[in-house]
Amino acid sequence: MLDVLTLVTGVAALLLAAWCGWAAYRDQPTKDWHFIGMAAVSALALIQLVVGIVQLARGEDPEQGTTIFVAYLLGAFACVPAAGFMSLAERTRWGSVTVAAGGVVLAVLEVRLFDIWGG
């Protein structure tokens, strides 16, 4: 796996979490700008998914197993969009809290992906 991509995705996820956490602190729901941030973080996760699958197709193997690696890749890719859709259902500060939690979860998944690959 590309260590730089994992780091950038994790940092972007934490920045999104802080931004949405600040909105929740100010008693604001998610707004259009937050969804643009979610799209950017989701694009990074999609790039990571593609890179991970390409590396597996080239014959490289993660240390802790291919199945768990692919499962974590898919979970990382789906994490922020799922939180974004849930925030649409809750148009209060709790929608922002949901996205902030999704960002933290994605950052933790990035650390785990790094470990699974053998970092």
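What follows is a short working chat about a predicted model of a protein.

Reader: What elements does the protein have, and in what order do they run from the N terminus?

Author: The model is predicted. The protein has four helices and zero strands, so the order of elements from the N terminus is α-α-α-α.

Reader: How does the radius of gyration compare with the globule rule?

Author: The radius of gyration is 15 Å, close to the 14 Å that the globule rule gives for 119 residues, so the protein is as compact as a globular protein of that length. Along the principal axes, its C-alpha atoms fill a box of roughly 50 × 20 × 20 Å.

Reader: And what share of the residues counts as buried?

Author: Of the 119 residues, 39% count as buried. The protein exposes about 6400 Å², and carbon and sulfur atoms supply 71% of that area.

Reader: Contacts next. Of those between residues at least 6 apart in sequence, what share joins residues at least 24 apart?

Author: That share is 81%.

Reader: Where does UniProt place the transmembrane regions?

Author: The UniProt record, an unreviewed entry, gives the feature "transmembrane region" at residues 33–57, 69–88 and 94–114.

Reader: What is the chain doing over 33–57, helix or strand?

Author: Residues 33–57 are 100% helix and 0% strand, with the end C-alpha atoms 36 Å apart. Residues 94–114 are likewise 100% helix and 0% strand, and there the end C-alpha atoms lie 30 Å apart.

Reader: Switching to side chains. How many aromatic pairs are there?

Author: The count comes to two aromatic pairs. One of them is Phe-69 with Trp-117: the ring centres are 5.0 Å apart and the planes stand at 50°, so this pair is tilted.

Reader: Which helices does that pair tie together?

Author: Phe-69 lies in helix 3 (residues 66–89) and Trp-117 in helix 4 (residues 93–117), so the pair ties together parts that are 48 residues apart in sequence.

Reader: Are Phe-69 and Trp-117 buried or exposed?

Author: Phe-69 is buried, at a relative accessible area of 0%. Trp-117 counts as buried too, at 15% relative accessibility.

Reader: Which residue lies over the face of Trp-94?

Author: Arg-93 does, at 5.5 Å from the ring centre.

Reader: Now the loop between helix 1 and helix 2. What is the phi of Asp-27?

Author: Asp-27 has a positive phi of about 65°, although it is not a glycine. Most residues other than glycine have a negative phi. Asp-27 is found in the loop between helix 1 (3–25) and helix 2 (32–57).

Reader: Why is Asp-27 classed the way it is, buried or exposed?

Author: Asp-27 has a relative accessible area of 51%, and the cut-off for exposed is over 50%, so Asp-27 is exposed.

Reader: What about Gln-28, buried or exposed?

Author: Gln-28 is buried, with a relative accessible area of 18%. Its place is also in the loop between helix 1 and helix 2.

Reader: Which residues does Gln-28 touch, leaving out those up to four places away in sequence?

Author: Gln-28 touches Ala-23, Thr-92, Arg-93 and Ser-96. Among them, Arg-93 is the residue that lies over the face of Trp-94.

Reader: Last one. Where does Leu-88 lie, and how far in space is it from Ala-12?

Author: Leu-88 lies in helix 3 and counts as partly exposed at 43% relative accessibility. From C-alpha to C-alpha, Leu-88 and Ala-12 are 21 Å apart in space, and they are 76 residues apart in sequence.

Methods. Residues are numbered from 1 along each chain as its sequence is written. This is a predicted model: local features need pLDDT of at least 70, side-chain atom pairs count only at pLDDT 80 or more; totals for chains, interfaces and linings use all residues. Side-chain values use heavy atoms; hydrogens and water are left out. UniProt positions are given in the numbering used here, feature names are shortened, and annotations may be inferred rather than shown by experiment. Helices (H or I, at least four residues) and strands (E, at least two) are DSSP runs, numbered from the N terminus. Rings of Phe, Tyr and Trp (its six-membered ring) pair if their centres lie within 6.5 Å; planes under 30 degrees apart count as stacked, over 60 as edge-to-face and the rest as tilted. Buried means under 20% relative accessible area, exposed over 50%, partly exposed in between (1.4 Å probe, protein chains only). A charge sits over a ring if NZ of Lys or CZ of Arg is within 6 Å of the ring centre and within 35 degrees of the ring normal. The radius of gyration is taken over C-alpha atoms; the globule rule is 2.2 Å times the number of residues to the power 0.38. Contact means heavy atoms within 4.5 Å. Accessible areas come from the Shrake-Rupley method with a 1.4 Å probe; for residues, only the protein chains shown count as cover.
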